[in-house]
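This report looks at the pockets of one protein chain, at a pair of strands, and at a single residue in its surroundings.

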Amino acid sequence: MPENQALLLSPNSVLANALLRTIDILRPRVQAARPQRIEFVVGTQINGAPHLGTNLVQTAAFLLAKVARREFSIDTTVYFGALDNAPFEVTLDPDTHHAYQQTYFHALGKEGIGELIDTYYRDFFESLAEATGTDYVIETYTDQQASPGFRAEFLRTLEHLDGIRWWIAPSHGVVHVRVPCPECGWAEKRADRTKLVHLDEDGAVFTAVCLDHGGYEAQVDPEDGGPYLDLATLYRNLVKERALGRDTSVLRVMMKGGDWAFGCQLVDGALGALGTPAAQMPMRIFTPQVLAPTGAKLSKSLLREHGSSLLPADVEPWMLDTTAWQGSTDNYVDALVWLVGELLADPKHLFRSFTVKELGRLMSVRPDDLDARPRAHEMGIYKRYFDLIASGRKTTEIRVNDSSRKKIKVGSLIRFRCREEEVLTRVTRVARYADFEEMFAHEDLGSVNPLASREQQLANVRQIYPPEREALGVLALGIELV
Ligand SMILES: [Zn+2]
């Protein structure tokens with residue numbers, strides 16, 4: 001590629017035109033809510049090997065968490081929702097022709113789901129967490145739907161069913177709630193014969209019909225994790241976003257593939273019908289769709305249904321099944337982090353779609369030394385401190401103890417960055433303190449900053465970190481040049 005040629009060109013768009021930088025999309029909510037933490041929420045169906053689109057959303061979540069942490073000086077994490085209620089098998093009742101389905105959870109059990117997550121996501125997330133200095137949690141849909149917050153929110157939606165049902169089901173107004181048979185775990189796919197028969201402050205009672213076990217009754221009560229609630233996609237998102245919005249001290253940012261942008265209008269209608277306050281409305285970021293040459297979203301289920309003859313010539317095997325990548329997980333993650341980093345660098349690049357051919361081209365021109373750069377925690381730093389580190393005079397670095405520091409230990413590498421400059425160091429010592437006063441009482445002042453008194457240093461560090469950040473605790477890191 002000629003050096004003066006841009007890596008990629010993107011036209012302006014309404015959203016990109018309003019933003020100088022991608023991360024600015026979060027600023028109105030951060031300004032209004034002053035959250036203590038930002039959590040980037042990404043949900044993925046656990047039904048086999050991920051394709052590129054799935055990994056793009058996940059990588060964007062980790063990278064945005066890194067950028068937001070630096071931009072807003074707020075702790076950030078990633079929440080991965082493993083959707084283990086994806087349909088595993090569908091069958092027809094031979095007599096009535098009602099379709100029944102079994103979720104992955106009901107077919108494979110908790111351990112089977114855990115194995116699927118380990119196989120397809122664990123190493124990938126561990127590598128992303130290391131590459132971006134971002135901590136994450138994994139929760140299955142099965143655990144989420146059993147939580148009191150989810151159940152209470154679900155019961156509240158039942159009280160307002162008339163207000164939301166046309167939003168959730170605009171074509172017929174019938175909301176489907178699948179409550180699987182307690183004996184066998186199968187549920188009527190469209191829940192035609194599942195009825196809400198009673199609702200009061202203690203909960204709700206549904207009746208349903210199993211193809212093997214006949215009629216059954218299920219009582220949903222917020223204090224009890226059973227029976228299983230398998231909600232259709234829009235309804236599940238409504239309940240999830242309502243539940244996550246309650247705690248305004250944490251700003252939850254829903255990370256979604258771009259095709260969701262068309263569907264969220266319906267969720268928003270339902271959120272409005274429930275009287276959701278503005279401060280509790282979900283914040284969402286839509287990531288690029290991966291498109292076949294026809295302009296249609298690259299879809300594994302479409303290929304499964306219509307055969308691989310539909311497979312566009314530009315699709316490389318790893319794009320459909322990322323386990324086919326030729327190289328290690330770290331190598332794949334480094335390439336994705338580079339790619340998504342380039343997309344995040346300009347809102348015009350992020351808020352658009354990409355054909356598989358264009359993504360293949362971008363991946364092929366990635367720097368070939370990505371692997372050669374050792375994995376390191378990255379930290380931005382002011383020029384005067386950067387120079388002291390680079391010259392070897394500053395051998396203790398001070399940081400607050402937020403979630404991104406959890407994995408720093410003796411031997412970890414830290415790459416300090418100041419604009420275009422960087423310096424690589426190795427951690428020789430980790431000490432934790434309650435606050436800066438205690439830290440300065442124990443640390444060698446000259447190793448933190450050889451040029452300033454204790455009082456000056458305390459004033460300087462408190463200019464950088466407000467009291468709510470200092471309250472996280474303080475880390476003193478011994479460092480040496482590498
Ligand atoms: Zn049954």
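Strands here are DSSP runs of E with at least two residues, numbered from the N terminus. V290 lies in one of these, strand β14, which covers residues 290–291. The model is predicted.

**V290 and its surroundings**

V290 has a relative accessible area of 6%. Buried means under 20%, so V290 counts as buried, at 6%. Apart from neighbours within four places in sequence, the contacts of V290 include G53, L56, A296 and K297. L298, F354, V356 and L359 are also among them. V290 and G53 are 237 residues apart along the chain, yet their C-alpha atoms are separated by 5.8 Å.

**The two largest pockets**

The table sets out the volume, the lining and the residues nearest the centre of each pocket.

| Pocket | Volume | Lining | Nearest the centre |
|---|---|---|---|
| Largest pocket | About 1500 Å³ | 49 residues | Q45, N47, L83, W260 and K297 |
| Second largest pocket | About 970 Å³ | 26 residues | L63, K66, V337, E378 and R417 |

Where does the largest pocket lie with respect to domain 1 and domain 2? Domain 1 (8–146 + 288–373) and domain 2 (176–229) both give residues to its lining, so the largest pocket lies between them. Among the elements that each supply at least two residues of this lining are β1 (37–45), α3 (52–72), α4 (104–132) and β12 (250–257). β1 gives the most, with five residues. By class, the lining of the largest pocket holds 18 nonpolar, 19 polar and twelve charged residues.

The lining of the second largest pocket takes at least three residues from each of domain 1 (8–146 + 288–373) and domain 3 (377–481). α3, α12 (329–344) and β18 (413–418) each supply at least two residues of that lining. Its residues divide into 13 nonpolar, two polar and eleven charged.

K297 links two parts of this account: K297 is one of the residues nearest the centre of the largest pocket, and K297 is in contact with V290.

**Strands β1 and β2**

β1 and β2 run parallel and are joined by nine bridges. Within this pairing, G43 stands opposite G81 in β2. How many of the nine residues of strand β2 (residues 75–83) are buried? Nine of the nine are.

In a regular strand the side chains alternate between the two faces of the sheet. Both faces of β2 are covered, with D75, T77, Y79, G81 and L83 buried on one side. On the other side T76, V78, F80 and A82 are buried. L83 of this strand is also one of the residues nearest the centre of the largest pocket.

Methods: Residues are numbered from 1 along each chain as its sequence is written. This is a predicted model: local features need pLDDT of at least 70, side-chain atom pairs count only at pLDDT 80 or more; totals for chains, interfaces and linings use all residues. Side-chain values use heavy atoms; hydrogens and water are left out. Helices (H or I, at least four residues) and strands (E, at least two) are DSSP runs, numbered from the N terminus. Buried means under 20% relative accessible area, exposed over 50%, partly exposed in between (1.4 Å probe, protein chains only). Contact means heavy atoms within 4.5 Å. On a 1 Å grid over the protein atoms alone, a cavity is a set of points where a 1.4 Å probe fits but cannot get out, and a pocket is an open set with protein on both sides within 12 Å along at least five of seven lines; lining residues have an atom within 4 Å of a point. Grid points are joined across faces, edges and corners, and a volume is the space filled by probe spheres set on the points. Ala, Val, Leu, Ile, Met, Phe, Trp, Tyr, Cys and Pro count as nonpolar, Asp, Glu, Lys and Arg as charged, and the others, Gly among them, as polar. Domain bounds come from an automatic or database domain assignment. Two strands pair if DSSP finds at least two bridges between them.
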